[in-house]
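User: I have a structure here that I haven't looked at before. Can you walk me through it?

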Amino acid sequence: TSDMSQGSSMMFSPRDTSSLLSSSSPMMMRPPTPGTGTRSSTAAEPPSSSQPSSHTGGTWTCDTIRQELRQAVSTLSQRGLKLAAKWASEQLIGLPSWAAERQQQRRGGGGGEGRGRGGIVPSDHKEGMVEDQTLYAQTLLDLGEYAHAAATLSQPSQDITIVSPPLPHLSSWGIFVRAYALYMAGERRKEEELVELREPLERTTVRNAYVTQLCEELQESYQSQSLDAFGLYVYGVVLKEAQQSRLPTTNTTTTEEPPPSTPPPQQQQQQQQQQGRPGPP
């Protein structure tokens, strides 16, 4: 109780508090009025809006946004943020194409970036768009959306029951992502069919529905030397699934027929006796 009485005696009343705030004590000084204190008025002025901010780096363009989104997808994927990486890659492929961007710049009076003439899309931009599609398919593959990832790197088609051929100008990375995603989609579908079947004989007939298509597509990539080490790995897995023992070769080797075997003497004598010929003595 003595401590409480001492603490209550040290409390300020409302009148004491107002007098303390109005005093010129250095502990509780009022903020200086703008323009009247010792600080200069120029130091308190905010930066002018006409000056470009160092954070944005100037005017934003589609190329700048693409570079930022590509870096964001790579960083998010490295840290295991799969859904965030998918979202960033969706924003990346949703950006306008080079032709639409150039047309928009012409409507706005801009001179463009000087790439390409006569409305022809540069080859490096085409490759960049394909790489962005591959980056998006990679994020889908990380999330286990195998059929979606394979369809992203396939040509558009009206028939949804089949998988179209791969996109042109795919890199070795894109070939691997599409082939592996399509193979895994077939394996998942095969497992679902195995669960529905109960007869052991019917379960042995279930196969990966995309193996035949993958064999044909990867064979063309193999012959054109478009497969890297990972693509060759997928090709080997597909060949093993299809129970093929050797890789396709361009040089066909002709196999000679073995010479007819000579029957033993006793069999020759029996054949001659059946034909009415006298046998040897």
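Analyst: The overall fold comes first, then the pockets. Note that this is a predicted model.

User: OK. How many helices and strands does the protein chain have?

Analyst: There are 12 helices and zero strands.

User: And how much of the chain is buried?

Analyst: Of its 281 residues, 22% count as buried. The accessible surface of the protein chain is about 21200 Å², and carbon and sulfur atoms make up 53% of that.

User: What about contacts between residues 24 or more positions apart, what share do they have?

Analyst: They account for 55% of the contacts with a separation of 6 or more.

User: Switching to pockets. What is the volume of the largest pocket?

Analyst: About 340 Å³. Its lining has 20 residues, and those nearest the centre are Ala147, Ala151, Ile160, Val163 and Tyr210.

User: Which helix gives the largest share of that lining?

Analyst: Helix 8, with five residues. Helix 7, residues 146–152, also supplies at least two.

User: What kinds of residues are in the lining of the largest pocket?

Analyst: The split is 11 nonpolar, five polar and four charged.

User: And the second largest pocket, what's its volume?

Analyst: That pocket has about 250 Å³. It is lined by 14 residues, with Pro166, Leu170, Ile175, Glu217 and Ser221 closest to its centre.

User: Which helices each supply at least two residues there?

Analyst: Helix 8 and helix 10, the latter spanning 211–223. Helix 8, residues 172–196, contributes to the lining of the largest pocket and to that of the second largest.

User: And how do the residues of that second lining divide?

Analyst: Into six nonpolar, five polar and three charged.

Key: Residues are numbered from 1 along each chain as its sequence is written. This is a predicted model: local features need pLDDT of at least 70, side-chain atom pairs count only at pLDDT 80 or more; totals for chains, interfaces and linings use all residues. Side-chain values use heavy atoms; hydrogens and water are left out. On a 1 Å grid over the protein atoms alone, a cavity is a set of points where a 1.4 Å probe fits but cannot get out, and a pocket is an open set with protein on both sides within 12 Å along at least five of seven lines; lining residues have an atom within 4 Å of a point. Grid points are joined across faces, edges and corners, and a volume is the space filled by probe spheres set on the points. Helices (H or I, at least four residues) and strands (E, at least two) are DSSP runs, numbered from the N terminus. Ala, Val, Leu, Ile, Met, Phe, Trp, Tyr, Cys and Pro count as nonpolar, Asp, Glu, Lys and Arg as charged, and the others, Gly among them, as polar. Buried means under 20% relative accessible area, exposed over 50%, partly exposed in between (1.4 Å probe, protein chains only). Contact means heavy atoms within 4.5 Å. Accessible areas come from the Shrake-Rupley method with a 1.4 Å probe; for residues, only the protein chains shown count as cover.
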